[in-house]
Amino acid sequence: MQEKKKAWVYTRIDAPEDSTGSLKHQDQKLTEYAEHMAWEIVGHSQDLGPSWDMDRAGLSAATDAIIEGQVGILVISNPSRISRDKRDAMAYAETLKQFGVETYSPEWGRIEALSAPVKEERNQKQGQELL
């Protein structure tokens, strides 16, 4: 029997407070998506505030779990939840790729720019390097 993939749900809104329950709604939607995909949810984290500040407690919690090898999938609403700044997003993508993490969204599916290559892609690239 194949082991369930381990997922982390990360939510963020660009506001100083969540007066409308947006984070709760985001988390609920992402949790339902992860459950539908039959992933084991190993953690949730959230942040309030602008995406240009990459020093966020919720993102750090997700990153720590990724580095510790507890997470194989990061579930987000869309790429802007990581950062709206392309350089920051790509720098974070390198961390995700380094640890073999894939990023998914209910609306986007697998977010290629924020995901490690899938096993077949890695094997093809390794084969090409040998040629």
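## Strand pairing

Two strands count as paired if DSSP finds at least two bridges between them. Keep that in mind for β1 in this predicted model, because β1 and β2 are joined by eight bridges, well within that rule of at least two. The two strands run parallel, and Tyr10 sits opposite Ser45 of β2. To get from β1 to β2 the chain passes through α1, and this β-α-β crossover is right-handed.

On to β3, which covers residues 73–75. Here three bridges do the joining to β1, again with the strands running parallel. Val9 is the residue that faces Val75 in β3. As for cover, β1 spans residues 6–13, and seven of those eight residues are buried.

## The chain as a whole

How many helices and strands does the protein chain have? The tally is four helices and five strands, and going along the sequence they come in the order β-α-β-α-β-α-β-β-α.

The protein chain has 131 residues, and buried ones make up 38% of them. If you take the contacts between residues at least 6 apart in sequence, 66% of them link residues at least 24 apart. On the outside, the protein chain exposes about 7,900 Å², with carbon and sulfur atoms supplying 50% of that area.

## One face of α2

Helix α2 takes in residues 57–67, and its buried residues are Gly58, Leu59, Ala62, Thr63, Ala65 and Ile66. Why do they line one face of the helix? Look down the axis of α2: the buried residues fall within an arc of 160°, so they end up on one face. As a rule of thumb, an α-helix has 3.6 residues a turn, so residues three or four places apart point the same way.

What do these buried residues of α2 pack against? Their partners are β1, β2, β3 and α3, the last of these being residues 86–98. Just after α2 comes Gly69, with a positive phi of about 80°.

## Ala38, an odd backbone angle

Most residues other than glycine have a negative phi. Ala38 goes the other way: it is not a glycine, yet its phi is positive, at about 65°. You'll find Ala38 in the loop that lies between α1 (22–36) and β2 (40–48).

Is Ala38 buried or exposed? Neither, quite: its relative accessibility is 42%, so Ala38 counts as partly exposed, given that buried means under 20% and exposed means over 50%.

Notes. Residues are numbered from 1 along each chain as its sequence is written. This is a predicted model: local features need pLDDT of at least 70, side-chain atom pairs count only at pLDDT 80 or more; totals for chains, interfaces and linings use all residues. Side-chain values use heavy atoms; hydrogens and water are left out. Buried means under 20% relative accessible area, exposed over 50%, partly exposed in between (1.4 Å probe, protein chains only). A crossover is right-handed if, with the strands pointing away from the viewer, the path from the first strand over the helix to the second runs clockwise. Contact means heavy atoms within 4.5 Å. Accessible areas come from the Shrake-Rupley method with a 1.4 Å probe; for residues, only the protein chains shown count as cover. The arc is that of the directions from the helix axis to the C-beta atoms.
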